[in-house]
Amino acid sequence: ERRRQRMAVRRRQRRGPGGGRALLAALLLCVWCRAAAERVRYAIPEELGRGSLVGPLARDLGLNADELPARKLRLSEEKQFFTVNEENGNLYVNERLDREQMCGESATCSVSFEALVHNPLNIFHVQVSIEDVNDNSPVFSKAVLDLEIGELIPPGARFPLEMARDEDAGSNSLLTYQLTSNPCFSLVMKESPEGIKEPELVLEKALDREKQSSFELVLTAVDGGEPARSGTVQVRINVTDANDNPPVFSKSLYEARVAENLSVGSLVLRVRATDADAGTNGRVSYSFSNVPDSIRALFTVDSNSGEVRTVGPLDFEEKNKYLFGLGAMDGGGLTAHCKVQIDIMDENDNAPEITILSLSSPVPEDAPVGTVVVLLKVRDRDSGDNGQVSCELSGEAPLSIVASSGGSYKVVTAGALDREQASEHRVTVVARDRGRPALWSSRELVLEVSDVNDNAPVFEEAAYSAYVAENNAAGALVLRVQARDADAGANGRVSYWLAGGSAGAAGAAPLVSVEARSGALYAQRSLDYEQCREFTVAVRAQDGGSPARSSTATVRVFVLDRNDNAPRVLWPAAAGEAAGGAAAPFEVVPRSAEAGYLVAKVVAVDADAGRNAWLSYELVQASEPALFRVGLHSGEVRTARAVSERDAAKQRVVAVVKDHGQPALSATATLHVVLAESLQEALPELSERAAGAEAAAAELQFYLVLALALLSALLVLSVALAVLARLRRA
């Protein structure tokens with residue numbers, strides 16, 4: 001953190017007093033450019049602590065703090081190196097960043113990821129460059145370098161020394177070397193064809209093994225960081241007898257190109273060094289120079305043959321070039337060094353990777369064409385044509401896939417959605433590269449379709465007919481109607497209402513009611529066929545959507561007749577029904593009447609209908625049963641024989657009228673007949689009949705008074721007995 005603050009101070013000092021305004025203008029221009037290109041770039045030093053600020057991401061994307069909760073800003077990177085604050089939209093470090101672990105020896109190091117915002121859905125590409133800080137000291141592979149120098153070697157001879165390795169990058173990895181002061185040796189830097197400065201030990205004056213057989217020097221490597229870091233190695237020089245020819249490599253740089261995924265143990269290349277000396281002084285052995293452990297994990301060198309072979313898997317996606325040093329040493333201790341460069345060729349060994357960034361499911365069925373439902377990213381770690389990817393959708397669904405920037409794809413609706421036909425759609429995203437043979441991968445997408453109220457309830461029948469027998473109980477079930485709604489949830493929940501009746505059925509609506517949930521129609525009261533033979537009601541089915549949809553069906557209710565009305569005799573009227581309370585009517589039949597003479601006609605009606613109203617007539621009582629007969633269906637009372645002088649002058653005829661219901665109901669008609677030639681002759685008979693009626697009435701009145709007197713006497717006697725009983729007990 002202190003190093004980062006010092007770097008910021010030096011940058012402000014270099015900008016001078018007018019640098020602030022220039023920097024602000026540059027920042028505004030940079031933000032505008034980034035917004036236009038949908039890409040945001042930041043640069044931070046490595047080794048920042050967790051929670052360190054990277055930059056105001058929301059502001060750079062053009063979002064203000066008020067709309068952050070609705071836009072739902074989030075990151076899509078697979079490994080969460082960074083995190084975004086949901087309140088202010090700032091980008092922070094989520095874990096410690098080590099540039100050397102992340103990018104190795106690469107000259108540049110950055111982390112790219114996507115920032116997603118919703119409502120509307122959009123994607124922005126964010127790139128954070130990781131700048132190197134001088135956090136690694138130069139390191140030698142050995143603690144001690146042993147050199148053997150023959151005493152006959154003339155001054156000016158040079159001996160390559162092992163180079164130190166610094167894992168930092170840029171100027172932090174530029175090394176300079178220092179050697180402790182000694183009159184016999186000095187240090188010079190040799191520049192290789194690659195521009196790398198290599199340390200060499202220079203013999204300044206001839207050595208005499210008999211005077212001094214060994215020397216101990218300290219080689220110090222200092223990097224270019226600020227503050228600088230250093231590493232040391234002890235150089236032990238053993239003065240030997242004459243081995244005056246060092247090994248010489250046939251090339252200073254050996255190059256090879258091999259395919260990745262080369263099997264372990266495969267030969268990569270062979271280096272060769274020769275030594276002009278003889279015997280052990282001319283026997284050369286090969287070994288790695290100062291190389292990192294990562295090189296030793298992948299390659300090995302045969303000390304005798306100089307063959308370089310693989311000992312680990314090579315992966316082009318991890319690293320496509322390896323550069324390291326090899327050393328050759330003869331038996332006298334003289335060494336030589338060369339460089340080996342191995343280029344890794346890419347093979348199509350990585351299938352495309354499909355990552356779903358956002359899935360909008362469920363999607364309403366009324367979503368317009370072109371609505372983005374899935375946002376995904378496809379990446380192939382191979383390079384060239386092997387890394388070029390194309391995507392397509394497999395499956396029957398109204399969806400299509402559209403390519404976006406930076407390897408992103410959008411799955412959008414290509415047609416109208418209908419939940420009633422398909423409540424979900426399953427499609428497969430197939431990503432295929434252009435390698436030979438091509439590799440592919442797939443990812444299944446399940447898109448649910450949510451319901452909207454786009455269907456009205458539909459009755460099973462447009463018109464219903466119901467039959468109800470009259471005199472039904474109140475609350476009896478008349479009919480059950482049913483409507484179905486293809487929608488789901490509340491949109492498909494149907495309720496029933498009465499929507500009125502037919503124009504000819506005045507007062508029909510109160511006759512029935514409908515249950516809102518089941519659609520059952522119940523009679524509100526007992527129905528009477530004689531008052532209402534049929535009526536029509538309209539039932540409306542309405543769903544629970546908003547706005548609600550409805551439909552109407554017509555229910556026609558027919559009332560069935562029951563035999564609940566007895567026949568009513570219109571003629572002859574009963575005595576109590578005669579006008580003014582007069583005596584019952586009578587018919588005069590001349591004594592000269594022959595058989596078949598029409599005496600009278602019994603007239604009756606029945607309020608029922610059908611068989612319940614079919615009437616038949618029978619003679620049940622007559623003063624002279626053989627004298628009269630009645631027509632079965634006509635009700636005509638006729639003489640069955642000729643009237644004789646022996647027949648009584650007054651005749652009484654009783655006829656019964658029956659209907660054909662089950663059970664049958666009946667009524668009786670009483671006909672008084674006077675046998676006389678004329679009306680004057682019949683009047684005395686009628687007077688006697690009236691007097692007899694008055695006498696019968698007087699007799700009935702007498703009996704009523706007598707009964708009342710007896711009841712009163714009985715009551716008085718009971719009270720007296722009760723009083724006497726109480727007095728006796730007292």
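A salt bridge here is a side-chain nitrogen of Lys or Arg within 4 Å of a carboxyl oxygen of Asp or Glu. By that yardstick, Glu47, Arg96 and Asp98 are linked in a network of salt bridges, and the structure holds 19 salt bridges. Keep in mind that this is a predicted model, with a chain average pLDDT of 84 and 88% of the residues scoring at least 70.

**Where to be careful**

- Residues 1-37 come out with pLDDT below 50, and beyond near neighbours in sequence this stretch makes 14 contacts in the model.
- A second stretch, residues 503-509, also stays under 50 in pLDDT. For residues 503-509 the model has 6 contacts beyond four places in sequence.
- Where pLDDT is low, don't read the predicted coordinates in detail.

**Salt bridges between strands**

- Side chains of opposite charge can pair when their charged atoms come close.
- Take Glu200 and Arg158: their side chains meet in a salt bridge at 3.5 Å, N to O. Glu200 sits in strand β12 (residues 197-203) and Arg158 in strand β9 (residues 158-160), so this pair ties together parts that are 42 residues apart in sequence.
- How much of each partner is covered? Glu200 is buried, because its relative accessible area of 8% falls under the 20% cut-off. Arg158, at 49% relative accessibility, counts as partly exposed.
- Glu392 and Arg432 form another salt bridge through their side chains, at 3.6 Å, N to O. With Glu392 in strand β27 (residues 389-394) and Arg432 in strand β30 (residues 424-433), the pair ties together parts that are 40 residues apart in sequence.
- Glu392 is partly exposed at 42% relative accessibility, and Arg432 is partly exposed at 33%.
- Strand β30 also carries Arg426, and Glu444 lies in strand β31 (residues 440-450), so that pair ties together parts that are 18 residues apart in sequence. The side chains of Arg426 and Glu444 meet at 3.7 Å, N to O.
- Arg426 has a relative accessible area of 45%, which makes it partly exposed, and Glu444 counts as partly exposed at 48%.

**A hairpin to look at**

- Strands β28 (residues 399-403) and β29 (residues 408-413) run antiparallel and are joined by 5 bridges.
- Across the pairing, Ser400 stands opposite Val412 in β29.
- What sits between the two strands of the hairpin? There are 4 residues between β28 and β29, and Gly406 takes a positive phi near 65° in this hairpin.

**A buried valine**

- Val653 belongs to strand β48 (residues 650-659). Its relative accessible area is 2%, so Val653 is buried.
- Leaving aside neighbours within four places in sequence, Val653 is in contact with Leu619, Gln621, Ala622, Phe628, Ala669, Thr670, Leu671 and Val673.
- Val653 and Leu671 are 18 residues apart in sequence, and their C-alpha atoms are 5.0 Å apart in space.
- As a general point, side chains in a regular strand alternate between the two faces of the sheet.

**A nonpolar patch on the surface**

- Leu715, Leu717, Val719, Leu721, Val723, Leu724 and Leu727 make a nonpolar surface patch of about 710 Å².
- One of these, Leu721, has its place in helix α7 (residues 679-729).
- Is Leu721 buried or exposed? Leu721 counts as exposed, because its relative accessibility is 52% and the cut-off for exposed is over 50%.

How values were computed:
Residues numbered from 1 in each chain as written. Predicted model: local features only at pLDDT ≥ 70, side-chain atom pairs only at ≥ 80, totals over all residues. Heavy atoms only, no water. pLDDT = per-residue confidence, 0-100. Contact = heavy atoms within 4.5 Å. Patch = residues over 30% accessible without salt bridge, like charges linked within 9 Å, V, L, I, M, F, W, Y side chains within 5 Å. Areas by Shrake-Rupley, 256 points an atom, 1.4 Å probe, with all protein chains shown as cover. Buried < 20%, exposed > 50% of the residue type's maximum accessible area, 1.4 Å probe, protein only. Pairing = 2+ DSSP bridges.
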